[in-house]
Each structure stands twice: as structure tokens, then as C-alpha cells.
Amino acid sequence: MLVFGAAVVINRSPVASALSLVVSFLALAALFMSLDAYFIGVIQVLVYAGAIMVLFLFIIMLLDLRAEKLRKINWIASAGGVAVALALIIQIFSVVGRFQAAKQSFPPLARSTSDDVHRIGLLLFDNYNLPFQIIGVLILVATIGAVMLSRRETR
Amino acid sequence: MVTLGDYLVVSGMLFTIGFAGVMVRRNIIIILMALELMLNAANLSLVAFSRFHVDPSGAPNYNAQVFVFFVITVAAAEVAVGLAIVVALFRLRQTIHVEDITSLKF
């Protein structure tokens, strides 16, 4: 998964990047399943590997992007970016290394999680009803916004 | 045995790859993809903690999974609007290279 994640960033051609991203998301869905989160794994495959990636590929084809020309790479900016990323990964390693609970393995589950759609649905409509409705409005606004942005000016 | 720390380290590395992508790449579409990687890294650590906190009835903590559901929804909305903006920008400027779009630069 990490290899394909890195390929997303390294590849010069946007199509190759997008396809690496699909593989990376599928591997991530497998990791979710290994954590007994079947619903999230299925959602990951459907929404990310399905919908979002089709959207990305569609836009790439629509814009007809060639692989990036060999522009003069701004070495200072690239080196700065890599340096900040390295600092971040060192921080993460030191924090996780000092975190005591991180050394324990996962406790066993007393019950199967194959009914987690049911449990998540109950929680969603019970405890998280208001956020759920707000998310609905957000999606409506995003839909209207996307349509407005891609409309041709007809005046 | 696989520990919680293993998942956290993988999540951190995925986040770092996405972060490096946002910092280094100059193609807006690739930057959006790297943003998706970062959101997914956050989801992975949420699910790992959800599995780690087993409640007395023996089920994982589903609050985190509901939160992951919300994150995925918001990410989908963000990608839809972001790509619409990219298309509008390309129609206007014929470029998606961030260094060519500097109208707001002081």
C-alpha cells in the first residue's frame, strides 16, 4: 500500500498516478477488513476506489493531460518539501515509540462484527442524527456548487 | 503479533507521503490525490483505535467508525467541488500547473 502511495506522488503521468491510487485504496480497504471493520472496508472500495477514482480518471481524460513536460524542477522547493516531510515522519516515529498503548496487541473481540452495518446504522440515526442531517445538506451544497462551477456562461 | 503501533506507523507514513506530495508536486490533480491519501491515513488510525478500544460487550468502539463514515462523505464532496474548480480553471487558463496561476500573488 505504501509503495503504491509513493507511486502516486512520484509518477509523472497523471493516469499512472490515479491507477496507483486505486491500488493503494484497495490495499487500505484490506487493512480495514483486517481490523474487523467490514462496513468501512466496503464503503472504502465503493466510494473511493469506485466513485472518486472514476471522477479523477474522467477529469484527467477530459482535460487530455499529457505527462508533465520536463519542466525545470524547482529544487529548493522540492528539497524543502521533502525536509518538512522527513521532520514529520521522525516526529511520528518518536511519538508512537513513546506511546505505551502502542506496544500492546489488539484485545480479542467477544462477538462477531459481521452485524456492524446494523450497529453503525443505529448509532448514526440515534446519537449522530444532527451531524448526519448536516452532512446531507453539505452534499446538497457540494452538488449545487459543482453544477454551478461547471456551467458555461450563457449570458 | 500485530500491535496498535504498527497500524499507527503505517498511517503516519501514508500521511507523510501525502504531505510530501502536496508540498512537492505542482499539478493540481496530483495535489488533490495526495490530499485523499492524507484523509485516508487519518481514517486508518481512527479505525485502528476503534478496534483497540473494545467495550464491555466485546464489540469495537463504533463511534470512530461513524466518524470515518463522515470523513469519507466530506472527502467525496470535497473532491467533487475541487475537480469542478479545476475544470473551470482549465477552461479559463488552459493550465493546471500551480506556478502558472499567480493572480492572487502579491
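**Exercise 1. Find the mean pLDDT of chain B and of chain A, and locate the weak and strong elements.**

Step 1: chain B averages a pLDDT of 86, with 99% of its residues at 70 or more; pLDDT is the predictor's confidence in each residue, from 0 to 100. This is a predicted model, so to speak: local features need pLDDT of at least 70 and side-chain atom pairs count only at pLDDT 80 or more, while totals for chains, interfaces and linings use all residues. Residues are numbered from 1 along each chain as its sequence is written, with chains lettered from A and ligands numbered from 1 in the order in which they are written.

Step 2: within chain B, confidence bottoms out in helix α1 (residues 4-24) at a mean of 87 and peaks in α2(B) at 90. Helices here are DSSP runs (H or I, at least four residues), as are strands (E, at least two), numbered from the N terminus.

Step 3: chain A has a mean of 83, and 91% of its residues reach 70 or more. Among its elements, α1(A) has the lowest mean, 72, and α6(A) the highest, 91. Where pLDDT is low, don't read the predicted coordinates in detail.

Step 4: for the complex, the predictor gives an ipTM of 0.86 and a pTM of 0.86.

**Exercise 2. Work out the fold content and overall dimensions of each chain.**

Step 1: chain A comes to six helices and zero strands, while chain B has three helices and zero strands.

Step 2: chain A has a radius of gyration of 21 Å, where a compact globule of 155 residues would have one near 15 Å. That radius is taken over C-alpha atoms, and the globule rule is 2.2 Å times the number of residues to the power 0.38. For chain B the value is 18 Å, against near 13 Å for a compact globule of 106 residues.

Step 3: along the principal axes, the C-alpha atoms of chain A fill a box of roughly 55 × 50 × 25 Å, and those of chain B one of roughly 60 × 25 × 25 Å.

Step 4: chain A is divided into domain 1 (1-68) and domain 2 (114-155), with bounds from an automatic or database domain assignment. Their C-alpha centres lie 22 Å apart.

**Exercise 3. Are α2(A) and α3(A) roughly parallel or roughly antiparallel?**

Step 1: their axes come within 8 Å and cross at roughly 175°. Axes are lines fitted to C-alpha atoms, for helices over the stretch in contact, and angles run from 0 to 180 degrees between N-to-C directions.

Step 2: angles under 35 degrees count as roughly parallel, over 145 as roughly antiparallel, 65 to 115 as roughly perpendicular and the rest as oblique. The pair α2(A) and α3(A) is therefore roughly antiparallel.

Step 3: the α2(A) side of the contact includes L21(A), F25(A) and F32(A), and the α3(A) side includes Y48(A), M53(A) and F56(A). Contact means that C-beta atoms, placed from the backbone, lie within 7 Å.

Step 4: sorted by class, this contact has 20 nonpolar, two polar and no charged residues. Ala, Val, Leu, Ile, Met, Phe, Trp, Tyr, Cys and Pro count as nonpolar, Asp, Glu, Lys and Arg as charged, and the others, Gly among them, as polar.

**Exercise 4. Describe how chain A meets chain B, then look at α2(A) with α2(B).**

Step 1: 64 residues of chain A are in contact with 61 residues of chain B. The largest share of the chain A side, eleven residues, comes from α3(A). By class, that side has 49 nonpolar, nine polar and six charged residues.

Step 2: the axes of α2(A) and α2(B) (residues 28-52) come within 11 Å and cross at roughly 5°, so these two helices are roughly parallel.

Step 3: among the residues making this contact are L21(A) and F25(A) of α2(A), plus M33(B), E36(B) and N40(B) of α2(B). The class count is twelve nonpolar, two polar and one charged.

Conventions:
Two residues are in contact if their C-beta atoms, placed from the backbone, lie within 7 Å.
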